Amino acid sequence: MKKKSGKVLLMLCVTLLCTLFLSMTAAAEEKGALTAVDGTHITGWLKNDADSGEAVVVELHIYKDGNSEAAKVITVPEESYSDEAGNSTGDGRRVFDYKINWQELGGTACKVEAFLVSGDKKTLLTGAMEYKPSSEVLKKTESSGEEIGPGIPKKEEIPAEQTFEGYKKGESLGIFKTTGYCSCSKCSGGSGLTYSGTVPQPNHTISADITVLPLGTKVIIGETVYTVEDIGSSVDGHTVDLYFSSHQEALAYGVKKQEVFQAIE
């Protein structure tokens, strides 16, 4: 009886070790994962295999109404990636953040899957997620004339072009890192004037890399029209510094990633 019990115990231990080994192997081979799908963004991370020479391309497959065939396949553009390390993602991982307009897909519930694409090979990333529109989004979809469901006629759509302080939103200039600054000695030497000689104003003045956004360029960030009037030693590439009236406000703004659009008169 003791010998039989010993064999059973040995088999259980072997099974447990095999299960643990397989789970550790699967985790080690994990290439990345979706982390969030909300009303405006699809985010996730990738294992940063820079030494392997593997091209980092992510495809987002979006399925509507439980269909097995993707209604839309999106290749995440290069400007949506960033190299970050921290407790939320872990060292050596690359974050992607894609801004999506669900209204283009009818504003209905959708399932999202992400694939790492390398040549002809596609690897499914961990964590398929669902987008469920709020009641307000559904009302907006109904009033805008989108299809609500089979047999329900579309309502007449009244086109209206959105304007921002008299400007229209032009083409996207990409995803920029946005930070805050003020006129204090820590931020800008306390001169009180911008590089272009103007007095900086909140919700108007931004500092930018003028090789990317020349002085005088007007852009739309969020719901505000900004003008490039300043430069900074730490502002280069796809980075803009938003002017605030106090150092406390600038610090409170922190660091964000936002899509920047041309402002067209």
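This passage walks through the fold, the cores, the aromatic pairs and a few individual residues of a predicted model.

The protein chain is built from four helices and 16 strands. Of its 265 residues, 33% count as buried. The accessible surface of the chain comes to about 16500 Å², and carbon and sulfur atoms hold 54% of that area. Contacts in the chain often bridge distant stretches of sequence: among contacts with a separation of 6 or more, 64% link residues 24 or more positions apart.

It helps to turn next to the interior. The largest nonpolar core has 21 residues, and those with the most contacts inside it are Ile42, Val58, Leu60, Ile62, Phe96, Ile100 and Trp102. At least two residues of this core come from each of strand 1 (32-37), strand 2 (41-47), strand 3 (57-64), strand 6 (93-99) and strand 7 (110-118). Strand 7 is the one that gives the most, with four residues. A second, separate core has 14 residues, including Phe176, Ile206, Tyr226 and Tyr253.

Two members of the largest core deserve a closer look. Val58, which lies in strand 3, has a relative accessible area of 0% and is therefore buried. Leaving aside residues up to four places away in sequence, Val58 touches Leu46, Ile74, Thr75, Val76, Tyr81, Phe96, Ala114 and Phe115. Val58 and Lys122 are 64 residues apart in sequence, while their C-alpha atoms are 9.2 Å apart in space. For Leu60, with residues up to four places away again not counted, the residues touched are Leu34, Ile42, Lys72, Val73, Ile74, Val76, Phe96, Tyr98, Glu113 and Ala114. Ile74, Val76, Phe96 and Ala114 thus appear among the contacts of both Val58 and Leu60.

Aromatic rings offer another view of the packing. The structure holds three aromatic pairs. One of them joins Tyr181 and Tyr243 in an edge-to-face arrangement, with 5.5 Å from centre to centre and 75° between the planes. Because Tyr181 lies in strand 11 (residues 167-181) and Tyr243 in strand 15 (residues 239-243), this pair ties together parts that are 62 residues apart in sequence. Both partners are buried: Tyr181 has a relative accessibility of 5%, and Tyr243 has one of 9%. Another pair is formed by Phe244 and Tyr253, which is tilted, with 5.5 Å between the centres and 40° between the planes. Phe244 is buried, at a relative accessible area of 18%, and Tyr253, also listed in the second core, is buried at 14%. A charged side chain also meets a ring in this model: Lys169 lies over the face of Phe261, at 4.4 Å from the ring centre.

The cysteines can be described briefly. The structure holds zero disulfides. The sulfur of Cys182 has its closest cysteine sulfur in Cys184, at 3.3 Å, and this is too far for a bond because a disulfide needs the two sulfur atoms within 2.5 Å. Cys182 itself is buried, with 3% relative accessibility. Cys110 likewise counts as buried, at 4%.

A last group of residues centres on Thr224, which is found in strand 14 (residues 224-230). With a relative accessibility of 17%, Thr224 counts as buried, since the cut-off is under 20%. Apart from residues up to four places away in sequence, Thr224 touches Glu165, Asn203 and Val219. Two of these partners, Glu165 and Asn203, are worth a separate word for their backbone angles. Glu165 sits in the loop between strand 10 (163-164) and strand 11, and its phi is near 50°, a positive value in a residue other than glycine. Asn203 is placed in the loop between helix 3 (185-188) and strand 12 (205-208). Asn203, although not a glycine, also has a positive phi, of about 60°. In contrast to the buried Thr224, Glu165 is exposed, with a relative accessible area of 56%, and Asn203 counts as exposed at 53%.

Conventions
Residues are numbered from 1 along each chain as its sequence is written. This is a predicted model: local features need pLDDT of at least 70, side-chain atom pairs count only at pLDDT 80 or more; totals for chains, interfaces and linings use all residues. Side-chain values use heavy atoms; hydrogens and water are left out. A nonpolar core is a set of buried Ala, Val, Leu, Ile, Met, Phe, Trp, Tyr and Cys residues joined through side-chain atoms within 4.5 Å. Buried means under 20% relative accessible area, exposed over 50%, partly exposed in between (1.4 Å probe, protein chains only). Contact means heavy atoms within 4.5 Å. Accessible areas come from the Shrake-Rupley method with a 1.4 Å probe; for residues, only the protein chains shown count as cover. Rings of Phe, Tyr and Trp (its six-membered ring) pair if their centres lie within 6.5 Å; planes under 30 degrees apart count as stacked, over 60 as edge-to-face and the rest as tilted. A charge sits over a ring if NZ of Lys or CZ of Arg is within 6 Å of the ring centre and within 35 degrees of the ring normal.
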